[in-house]
Amino acid sequence: MTIKSQVNFSNLDQIARKLRKRLVKTSSSAKIPHLGSCLSCLDLLVYLYWEELSINPKDPANPDRDRFLLSKGHGAPVLFQVLAERGYYSINRLEDFGKPGSVFHEHPPKPGYIPGVEAATGSLGHGLPMALGMALAARILDKSYRCYAILGDGECNEGSIWEAAMLASGIKLSDLTVIIDFNKWQATGRSREIMTLDPLASKWESFGWHVQEINGHDFYQIKHALNNARDEKNKPSAIVANTIKGKGVSFMEDNNNWHYKTPNEQELNSAIKELEVSQ
Ligand SMILES: Cc1ncc(C[n+]2csc(CCOP(=O)(O)OP(=O)(O)O)c2C)c(N)n1
């Protein structure tokens with residue numbers, strides 16, 4: 001059922017800039033945190049939704065669709081923006097983002113509330129096990145869809161990630177790809193100082209995964225790595241994507257205050273000005 005978007009590869013940059021602006025604005029108006037976390041994985045989501053996933057936004061429950069889970073569910077605001085821009089629903093639906101009673105909030109809700117949302121995530125460590133289950137279901141049901149999950153590096157402190165990693169390689173689930181948003185921060189500090197995962201790429205390799213390490217803001221490298229992952233037929237794939245938390249706004253980049261902080265009016269104006277100039 002492949003319905004590929006017609007968006008030209010060279011437009012990805014523009015889409016990403018547009019979504020960065022919207023994210024900064026909505027974080028400021030709704031006072032919803034995790035802006036740095038969203039800006040960190042935004043380019044990965046843009047590439048996945050415009051170039052990689054076999055999906056049809058007008059038929060979001062098609063049983064043959066590829067599955068994507070944002071395992072670091074606190075990045076929900078970026079997922080909501082991407083789904084709207086990709087045509088799953090009108091951008092107007094995001095007007096009540098963060099308001100009491102809205103389904104568009106800090107984390108993705110369970111399926112059935114927002115078209116395109118495959119699972120409720122936000123309790124870290126659960127998205128990958130769910131993606132694994134979906135990939136295993138594809139094998140059992142003889143389907144050819146692929147499953148993808150984006151994990152945070154801090155999220156990789158969760159034991160359930162490594163249980164899933166062992167099982168996925170043990171049963172050779174090659175239709176499963178994870179991308180680790182490796183921005184080297186988590187909620188309260190440097191990942192390396194809280195509980196080091198170094199060397200991250202070799203760790204995934206030692207768990208039996210096909211591993212690649214890339215710049216997670218470079219669309220060419222993302223494309224190359226995802227193509228390689230698709231070609232790998234014996235192992236699940238892990239792509240360690242080196243990213244910058246807060247990417248795109250100079251005073252937010254690599255500044256972990258923006259894990260929880262939301263922009264005041266002056267910060268909002270400076271961020272928007274910067275994002276407009278860089279167009
Ligand atoms: C099980 C669980 N424990 C704690 C939290 C609180 N929490 C929200 S975001 C976060 C940090 C996650 O860090 P990382 O995965 O590296 O994401 P990023 O730095 O990209 O925001 C934590 C600990 C949570 N959501 N779930």
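**Ligand shell and central sheet**

The ligand is surrounded by 20 residues, the closest of which are S37, G152, G154, E155 and Q186. The model described here is a predicted one. By residue class, the shell around the ligand comprises three nonpolar, 12 polar and five charged residues. Two elements, α2 and β4 (residues 185–186), each contribute at least two residues to this shell.

It helps to turn next to the sheet. Five strands make up an open sheet with parallel pairing, and their order across it is β1-β2-β3-β7-β6. The edges are taken by β1 (67–70) and β6 (210–215); each has a single partner strand, so one side of each is left without a neighbour in the sheet. On average, and with direction ignored, neighbouring strands of the sheet are turned by 20° against each other.

Strand β2 (residues 147–152) offers a convenient place to look in detail. Its pairing with β1 is parallel and rests on four bridges, and one residue pair can be named here: F68 has Y148 in β2 as its bridge partner. With β3 (176–182), strand β2 also pairs in the parallel sense, this time over six bridges. Within that pairing, L151 of β2 stands opposite I180 in β3. The connection from β2 to β3 passes through α5, and the resulting β-α-β crossover is right-handed.

How buried or exposed is β2? Six of its six residues are buried, so the strand is largely enclosed by the rest of the structure. The side chains of C147, A149 and L151 point one way from β2, while those of Y148, I150 and G152 point the other way, and all of these residues are buried. Two of these positions have already come up: G152 is among the residues closest to the ligand, and Y148 is the bridge partner of F68.

The helix α2 (residues 35–52) lies across four strands, namely β1, β2, β3 and β7 (237–242). Relative to β3, helix α2 runs at about 155°. This helix is also one of the elements that supply at least two residues of the shell around the ligand.

Several backbone details in the loops deserve a mention for anyone preparing the model for further calculations. The peptide bond from D198 to P199 is cis, with omega near -5°. P199 itself sits in the loop between α6 (191–195) and α7 (200–206).

Positive phi values outside glycine are found at D142 and K172. For D142, phi is near 60°, and the residue belongs to the loop between α4 (127–140) and β2. D142 counts as exposed because it has 6 C-beta neighbours inside 10 Å. For K172, phi is near 55°, and its place is in the loop between α5 (159–170) and β3. With 14 other C-beta atoms within 10 Å, K172 is partly exposed.

Notes. Residues are numbered from 1 along each chain as its sequence is written. This is a predicted model: local features need pLDDT of at least 70, side-chain atom pairs count only at pLDDT 80 or more; totals for chains, interfaces and linings use all residues. Two strands pair if DSSP finds at least two bridges between them. Axes are lines fitted to C-alpha atoms, for helices over the stretch in contact, and angles run from 0 to 180 degrees between N-to-C directions. Two residues are in contact if their C-beta atoms, placed from the backbone, lie within 7 Å. A residue is buried if 20 or more other C-beta atoms lie within 10 Å of its own, exposed if 12 or fewer, and partly exposed in between; C-beta atoms are placed from the backbone. A residue is near a molecule or strand if its C-beta atom, placed from the backbone, lies within 6 Å of it. Ala, Val, Leu, Ile, Met, Phe, Trp, Tyr, Cys and Pro count as nonpolar, Asp, Glu, Lys and Arg as charged, and the others, Gly among them, as polar. A crossover is right-handed if, with the strands pointing away from the viewer, the path from the first strand over the helix to the second runs clockwise.
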